[in-house]
Amino acid sequence: MEKLSIIIPAYNEEQTIHLILDKIKDVVLINNIEKEIIIINDCSSDNTDQAIQSYKDQNLDLTIHHYTHKTNQGKGSALHTGIKHATGNYIIIQDADLEYDPKEYNILLKPIVDGFADVVYGSRFVGGKPHRILFFWHTIGNKFLTFVSNMFTNLNLTDMETCYKIFRTQIIKDISLKEKRFGFEPEITAKIARIPKIRIYEVGISYYGRTYQEGKKISWKDGFRALFCILKYAVLRIK
């Protein structure tokens, strides 16, 4: 039986973690693929840990692995921990907030299980899916970073910075990842682009963005870090 490892980095998400887990629980994956949920609490200062444990205790039918960082290390570091412990055939990244819809896992899985793709990106900027209207400059920033990344990777992605990325597990486990915070996206994109004969696909997904009052964490500083990472890993080709 094939398995999908769902990696969830969580930081101060006690208000939403049970909601996203409910959504994941309700998803029936194509080809009867099993689900393995891996949650990494990145040293939250609220009751995220207790919320996760309470959910586990009340949903024993779900396979949930729960790890806690003793210090806050960043989203990228949480993903490193999750990738290390993943045992599924495929890995997908899921934020602990409600910006991305787990009902769309099958859209991302299909090109892989059909034998066409090794990696699939979920783009917020293509297709006819719902997309919350929020920040103009964030959108410009995302498209600019994608454009610069594409220049040096020779890919034609529309949304490099998307959370939703699904990988054949062995591909991502074989990559040495360094970025511990929000530099994960440009780093992984630059490094998979260099894999010989890699098959990368993109599908349209929904996006239910949050405001900063609702808990959004990424800022303009992370945009500059992403640009630095594009130069570091795509231009200088640092391994």
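Here are some notes on this predicted model, set out point by point.

1. Let's start with the salt bridges, of which the structure holds eleven. One of them joins Lys-25 and Asp-61, whose closest N and O atoms are 3.9 Å apart. Lys-25 belongs to helix α1 (residues 17–26) and Asp-61 to the loop between α2 and β3 (64–68), so this pair links distant parts of the chain, 36 residues apart. Lys-25 is partly exposed at 30% relative accessibility, while Asp-61 is exposed, with a relative accessible area of 59%.

2. The bridge between Glu-185 and Lys-165 is worth a look in your viewer. Their side chains meet at 2.4 Å, N to O. Glu-185 is in helix α7 and Lys-165 in strand β6 (residues 165–168), with their positions 20 residues apart in the chain. Are these two partners buried or exposed? Glu-185 is buried, with a relative accessible area of 5%, and Lys-165 is buried too, at 0%. The pair is also part of a network of salt bridges that links Lys-75, Asp-95, Lys-165 and Glu-185.

3. A further salt bridge runs from Lys-232 to Glu-179, with 3.7 Å between the closest N and O atoms. Lys-232 lies in helix α8 (residues 220–235) and Glu-179 in the loop between α6 (169–173) and α7, so the bridge ties together parts that are 53 residues apart in sequence. Here Lys-232 is partly exposed, with a relative accessible area of 21%, whereas Glu-179 is buried at 5%.

4. Thr-189 sits in helix α7 (residues 184–193), the helix that also holds Glu-185. With 0% relative accessibility, Thr-189 counts as buried, because buried means under 20% relative accessible area. Which residues does Thr-189 touch, leaving aside its neighbours within four places in sequence? Its contacts are Tyr-121, Ser-149, Thr-153, Leu-155, Leu-157, Met-160 and Lys-165. Lys-165 in that list is the salt-bridge partner of Glu-185.

5. Helix α3 (residues 75–85) is another element to inspect. Eight of its eleven residues are buried, so the helix is largely enclosed by the rest of the structure. Those buried residues are Lys-75, Gly-76, Ser-77, Ala-78, Leu-79, Thr-81, Gly-82 and Ile-83. What covers them includes β1 (3–10), β2 (34–41), β3, β4, α6 and α7. Lys-75, one of the buried residues of α3, is also a member of the salt-bridge network with Asp-95, Lys-165 and Glu-185.

6. Now for the aromatic side chains. The structure holds three aromatic pairs. In one of them, the rings of Tyr-100 and Tyr-164 have their centres 5.0 Å apart and their planes at 40 degrees, so the pair is tilted. Tyr-100 lies in the loop between β4 (90–93) and α4 (105–113), and Tyr-164 in the loop between α5 (136–153) and β6, so the pair ties together parts that are 64 residues apart in sequence. Both Tyr-100 and Tyr-164 are buried. Ring pairs link these two with Tyr-105 and Tyr-207 into a cluster.

7. Two rings have a charge over them. The charged end of Arg-124 sits over the ring of Tyr-207, 5.0 Å from the ring centre; Tyr-207 is a member of the tyrosine cluster above. The charged end of Lys-143 sits over the ring of Phe-125, at 5.2 Å from its centre.

8. On the surface, Phe-144, Phe-147, Met-151, Phe-152, Leu-231, Val-235 and Leu-236 make a nonpolar patch of about 700 Å². Which elements give two or more residues to this patch? They are α5 and α8, and α5 provides the largest share, with four residues. Phe-152, placed in helix α5, is partly exposed at 37% relative accessibility.

9. Finally, a word on Lys-56, found in helix α2 (residues 48–58). At 22% relative accessibility, Lys-56 counts as partly exposed, because the cut-off for buried is under 20%. Leaving aside neighbours within four places in sequence, Lys-56 is in contact with Ile-64 and His-66. The C-alpha atom of Lys-56 is separated by 24 Å from that of Ile-166, a residue 110 places away along the chain.

Key
Residues numbered from 1 in each chain as written. Predicted model: local features only at pLDDT ≥ 70, side-chain atom pairs only at ≥ 80, totals over all residues. Heavy atoms only, no water. Buried < 20%, exposed > 50% of the residue type's maximum accessible area, 1.4 Å probe, protein only. Contact = heavy atoms within 4.5 Å. Salt bridge = Lys/Arg side-chain N within 4 Å of Asp/Glu carboxyl O. Phe/Tyr/Trp six-rings, centres within 6.5 Å; stacked < 30°, edge-to-face > 60°. Lys NZ or Arg CZ within 6 Å of the ring centre and 35° of its normal. Patch = residues over 30% accessible without salt bridge, like charges linked within 9 Å, V, L, I, M, F, W, Y side chains within 5 Å. Areas by Shrake-Rupley, 256 points an atom, 1.4 Å probe, with all protein chains shown as cover.
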